[in-house]
Amino acid sequence: MLRVLFVCLGNICRSPTADGVFRSMVASAGLSDQVEVDSAGTAAWHIGKTPDPRTIKAAAERGYDLSVLRARQALATDFDQFDYVLAMDLENLSNLRALKPAAARTDPQLFLRSFARRFNSDEVPDPYYGGADGFEQVLDLVEDACEGLLADIRQRLNQRAKETP
Ligand code: 4NP
């Protein structure tokens, strides 16, 4: 099993979008039994809440159902539980680095910098205080980087399959 955690600030806009998009791509690839997907926020404000209604609506228009997701806060134990801890922006990355215990396994990384292919940017901008365009931009960026991430995961799964005959 490979485990992926997407992290933003509130876990109601950007990281749930990535969670839903990537979950859907993993299912289409027939890899749901080998890849686990989750998301979290660095802040505690929205624990237990569904994603923002604007996030749910924009995602639904592209065929992703985010309504079953519930917000949670990122935990120190996540860095041992997950193989990828993916930050949506530089502030999330800095907060994750501060949360990670020194001996924990997985270093957080910037999601777009590591995996985007069409877009050359570091951050998924926070859409919370902006208009509808921001939510479309989140989806565009996230879909691009999720494709890159899926390619990386396929390689890792193939490598593992070769190592364990
Ligand atoms: P997210 O967006 O980090 O993409 O979930 C935000 C959600 C809520 C707030 C800020 C950003 N907030 O200030 O409550």
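The following paragraphs describe the overall architecture of a predicted model and the surroundings of two of its residues, Ser 39 and Thr 42.

The chain contains six helices and four strands, and from the N terminus on these elements follow one another in the order β-α-β-α-α-β-α-β-α-α. For a chain of 165 residues, a compact globule would be expected to have a radius of gyration near 15 Å, and because the chain itself has 15 Å, the computed value agrees with that expectation. The C-alpha trace spans about 50 × 35 × 30 Å along its principal axes. Of the contacts between residues at least 6 apart in sequence, 72% join residues that are at least 24 apart.

With regard to solvent exposure, buried residues account for 48% of the 165 residues in the chain. The accessible surface comes to about 8,200 Å², and carbon and sulfur atoms contribute 49% of that area. The chain carries 19 positive and 24 negative charges, and the mean positions of these two sets lie 3 Å apart.

Ser 39 is located in strand 2, which comprises residues 35-41. Its relative accessible area is 4%, and because residues under 20% are classed as buried, Ser 39 falls into that class. The side chain of Ser 39 takes part in a polar contact with the side chain of Asn 11 at 3.0 Å, and a further polar contact, of 3.1 Å, links the side chain of Ser 39 to that of Asp 19. Both of these partners also appear among the residues that Ser 39 touches when those up to four places away in sequence are left out, a set made up of Leu 5, Phe 6, Asn 11, Ser 15, Pro 16, Asp 19 and Arg 72.

Thr 42, in turn, is placed in the loop between strand 2 and helix 2, the latter formed by residues 53-61. The relative accessibility of Thr 42 is 19%, and this residue therefore counts as buried, given that the cut-off for that class is under 20%. Leaving out residues up to four places away in sequence, Thr 42 touches Val 7, Cys 8, Leu 9, Gln 73, Asn 92, Asn 95 and Leu 96.

Taken together, the two sites may be summarised as a buried serine, Ser 39, whose side chain makes polar contacts with the side chains of Asn 11 and Asp 19, and a buried threonine, Thr 42, whose contacts include Cys 8, Gln 73 and Asn 92.

Methods:
Residues are numbered from 1 along each chain as its sequence is written. This is a predicted model: local features need pLDDT of at least 70, side-chain atom pairs count only at pLDDT 80 or more; totals for chains, interfaces and linings use all residues. Side-chain values use heavy atoms; hydrogens and water are left out. Helices (H or I, at least four residues) and strands (E, at least two) are DSSP runs, numbered from the N terminus. The radius of gyration is taken over C-alpha atoms; the globule rule is 2.2 Å times the number of residues to the power 0.38. Buried means under 20% relative accessible area, exposed over 50%, partly exposed in between (1.4 Å probe, protein chains only). Contact means heavy atoms within 4.5 Å. Accessible areas come from the Shrake-Rupley method with a 1.4 Å probe; for residues, only the protein chains shown count as cover. Lys and Arg count as positive and Asp and Glu as negative; His and the chain ends are not counted. The place of a charge is taken as NZ of Lys, CZ of Arg, CG of Asp or CD of Glu. A polar contact is a pair of N or O atoms within 3.5 Å; within protein, one must be able to donate a hydrogen and the other to accept it, and residues adjacent in sequence count only if both atoms are side-chain atoms.
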